[in-house]
Amino acid sequence: CATAAPAGGNKGANASLAAWRTYRGVGLDITCLPGTELLSAKERELCASDRLLPVHYLALKDIMLRECERNGPITRQEARTFFRLDPIRCLRLYDLWNGMGWIGVADGAAS
């Protein structure tokens, strides 16, 4: 059911958009979310700064580790488009996992 917009505009949406813009750069508080206890300090920091829920992060990590086990190391370029996330987040995840030694060899050593 369609209704006409209020005469004064859609103030509720404007307020929501303003609130979202305010909190967009603020890290997510993940301290009481499920799965947080399974993360290392670096993983917690990444989840908070990139605003990823711990359970989503763990699912992404599981997918990547299984893929590396099945097909060998993934290059940095392949990691940019591996998930349906923006490329910057994908590269941050890749850099963390590669730095921890979980997804294979370093960039220069892959053939």
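**Notebook: aromatic pairs and helices**

I began with the aromatic rings, and I found that the structure holds three aromatic pairs. I note here that the model is a predicted one, and I read every entry below with that in mind.

I looked first at F82 and F83, which form an edge-to-face pair with 4.9 Å from centre to centre and 90° between the planes. I then looked up how far each of these two residues is covered. F82 has a relative accessibility of 27%, so I entered F82 as partly exposed, because buried would require a value under 20%. F83, on the other hand, has a relative accessible area of 10% and is buried.

F83 also takes part in a pair with W97, and I recorded this one as edge-to-face too, with 6.4 Å between the centres and 80° between the planes. Where do F83 and W97 lie? I found F83 in the loop between helix 4 (76–80) and helix 5 (87–100), while W97 sits in helix 5, so the pair ties together parts that are 14 residues apart in sequence. Both F83 and W97 are entered as buried.

I next asked which residues make up the aromatic cluster. I found that Y57, F82, F83 and W97 form one cluster.

**Helices and the chain as a whole**

I turned to the secondary structure and counted five helices and zero strands in the protein chain, which reads along the sequence as α-α-α-α-α.

I then went through helix 2, residues 41–50, and asked which of its residues are buried. My list for helix 2 is E43, L46, C47, A48 and D50. When I looked up what covers these buried residues, I found that the cover includes helix 3 (54–71) and helix 5. I also checked what comes after helix 2, and the residue that follows is R51, with a positive phi near 60°.

For the whole chain, I noted that 24% of the 111 residues of the protein chain count as buried. I also looked at how contacts are spread along the sequence: among those between residues at least 6 apart, 40% join residues that are at least 24 apart. Finally, I looked up the accessible surface of the protein chain, which comes to about 7700 Å², and I wrote down that 56% of this surface belongs to carbon and sulfur atoms.

Terms used: Residues are numbered from 1 along each chain as its sequence is written. This is a predicted model: local features need pLDDT of at least 70, side-chain atom pairs count only at pLDDT 80 or more; totals for chains, interfaces and linings use all residues. Side-chain values use heavy atoms; hydrogens and water are left out. Rings of Phe, Tyr and Trp (its six-membered ring) pair if their centres lie within 6.5 Å; planes under 30 degrees apart count as stacked, over 60 as edge-to-face and the rest as tilted. Buried means under 20% relative accessible area, exposed over 50%, partly exposed in between (1.4 Å probe, protein chains only). Helices (H or I, at least four residues) and strands (E, at least two) are DSSP runs, numbered from the N terminus. Contact means heavy atoms within 4.5 Å. Accessible areas come from the Shrake-Rupley method with a 1.4 Å probe; for residues, only the protein chains shown count as cover.
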